[in-house]
Structures are given as structure tokens and as C-alpha cells.
Amino acid sequence: MELFEAIKGRRSCRNFSSEPITEDIIMEIIEAGTWAPSPLNGQPWEFIVIEDNATKEMIYQEAERCRKWGEEASGWKWLGKYRVDFLKSAPVLIAVVGDPAKTGLDAYLDEGGVGYQYACAAAIQNMHLAAHGLGLSSLWFTLYDKKKMREILDIPPEKNPVSIVCIGKPAGEIPAPPRKEVKEKVRFVR
Ligand SMILES: Cc1cc2nc3c(=O)[nH]c(=O)nc-3n(C[C@H](O)[C@H](O)[C@H](O)COP(=O)(O)O)c2cc1C
């Protein structure tokens, strides 16, 4: 697949078929994640692969709790219709766990300490593109309380469960959410 075609064609999927994914494919997607850039090449990530239904159910319950809380806190009506069942139907969930101790020199800067999260985000995007290149779909999922996710996945308190990447075959076509005109987002300093 041509690179720009892959970048533009990747979509967030919220409706997966239950078709399983082999361990080889899972590892290929994770390996793509590990080729992301990171501060001082510290590779501040770990990956927890979740295939077990009982754990998926706990993650689903936590996301539902946050969804309901979020609807109240924000007043956003769409959250009432937003379903997170894909957390149970996606064959694989991969938690990307970041290590704040590996954030690089930005640890010493004002507003620093985020380099490790950028690196994890880059890894996640690589994973999305790899999944897309392999004919799969994925979702970047963050609607959970981090303390609760540490409990569910047995993650130590000093590590950050940055995101859960849901992966599977899409159950249908996914329309592309529109993008703003590039020109609206760009300023040249010449
Ligand atoms: C940091 C981040 C967090 C996100 N969290 C969620 C989430 O919790 N649930 C969800 O359904 N989508 C989530 N998304 C996916 C976005 O909604 C999605 O990327 C956006 O609507 C554009 O759609 P596209 O990815 O198909 O281009 C997240 C994306 C990012 C980058």
C-alpha cells in the first residue's frame, strides 16, 4: 500500500467482527510500534495484549462507568448514544503503557515530562498504520480512569496506561470523518 494512501485510508473502527487475529500478526503490529521515535531512543513503552473475555469485560465496565460520568460532567448528549461494546467484540486489545522515567531531557524543562507520552503516541500511530496495512482496523481508546486500568491490568503505579488500541477486522465500511482545509491549519514564517 502506498504510504499516503495508508495514512489517509486509516480509520477509527468502533464495530469489529469477532474473527481472531494470529499471534504473528499481533507481534508484527507491536513491532511496528517499537520503530517509533522516542526521546534518547529510550523506548518508553510496554504492550499488554488482552485476548481474555473476562479482562475485556472489566475494561468495558470501566469504560461504561467513565462514559456515564463523562456525560454528566460535560453535558455532551452524544455520549448517551456512544456505545463501547467494541471493547468486548474486538478480538484483541493492546494496552500501551508508558514509562515517565524515560521521558528524556524534557524532564528538566518547564511544561516537560511529556516526551514519553509523545513517543507512546507515535508508537500507537505506527500500530494503527501497520494494522491498516495488514487489512485490519483499529481504535485509539482512552475513556477510562488510569488508576482503575492499573488495577485491571496489574500495572505498577509509576507507569502510565496511555491508551488501549483495539484491533480487528471491521464489521462494515467506515466513512472518513472530514478534515479541515490544510491551509486553515498552517502558518509559514518566512
Ligand atoms: C489521543 C486520542 C484519544 C482518543 N480516544 C478515543 C476514545 O476514547 N474513544 C473513541 O471512540 N475514539 C477515540 N479516539 C479516536 C478519534 O475519535 C478519531 O481519531 C477521530 O474521530 C478521527 O477519526 P479517524 O481516526 O477515523 O480519522 C482518540 C484519538 C486520539 C488521538
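These notes on a predicted model take up the ligand shell, one helix and its cover, and three residues with positive phi.

1. The ligand is surrounded by residues from separate parts of the numbering, namely Arg11, Ser12 and Arg14, then Leu139, Trp140, Phe141, Thr142 and Leu143, and lastly Pro177. By character, this shell divides into five nonpolar, two polar and two charged residues.

2. Helix 6 runs over residues 115-133, and its 19 residues reach 27 Å from the first C-alpha to the last, which is close to the 27 Å expected at 1.5 Å a residue.

3. The buried residues of helix 6 include Gly115 and Tyr116, Ala119 and Cys120, and Ala123 and Ile124, while further along the helix they are Met127, His128, Leu129, Ala130, Ala131 and His132. An α-helix has 3.6 residues a turn, so residues three or four places apart point the same way.

4. The cover over the buried residues of helix 6 includes both helices and strands: helix 1 (3-9) and helix 2 (23-34), together with strand 1 (45-50), strand 2 (92-98), strand 3 (137-141) and strand 4 (160-168).

5. Just after helix 6, Gly135 takes a positive phi of about 85°. Positive values also occur in residues other than glycine, with phi near 55° at Leu40 and near 50° at Asn41.

6. Leu40 lies in the loop between helix 2 and strand 1, and Asn41 is placed in the loop between helix 2 and strand 1 as well. Leu40 counts as exposed because it has 12 other C-beta atoms within 10 Å, where 12 or fewer is the cut-off. Asn41 is likewise exposed, because it has 10 C-beta neighbours inside 10 Å.

Technical notes: Residues are numbered from 1 along each chain as its sequence is written. This is a predicted model: local features need pLDDT of at least 70, side-chain atom pairs count only at pLDDT 80 or more; totals for chains, interfaces and linings use all residues. A residue is near a molecule or strand if its C-beta atom, placed from the backbone, lies within 6 Å of it. Ala, Val, Leu, Ile, Met, Phe, Trp, Tyr, Cys and Pro count as nonpolar, Asp, Glu, Lys and Arg as charged, and the others, Gly among them, as polar. Helices (H or I, at least four residues) and strands (E, at least two) are DSSP runs, numbered from the N terminus. The expected span of a helix is 1.5 Å times one less than its number of residues. A residue is buried if 20 or more other C-beta atoms lie within 10 Å of its own, exposed if 12 or fewer, and partly exposed in between; C-beta atoms are placed from the backbone. Two residues are in contact if their C-beta atoms, placed from the backbone, lie within 7 Å.
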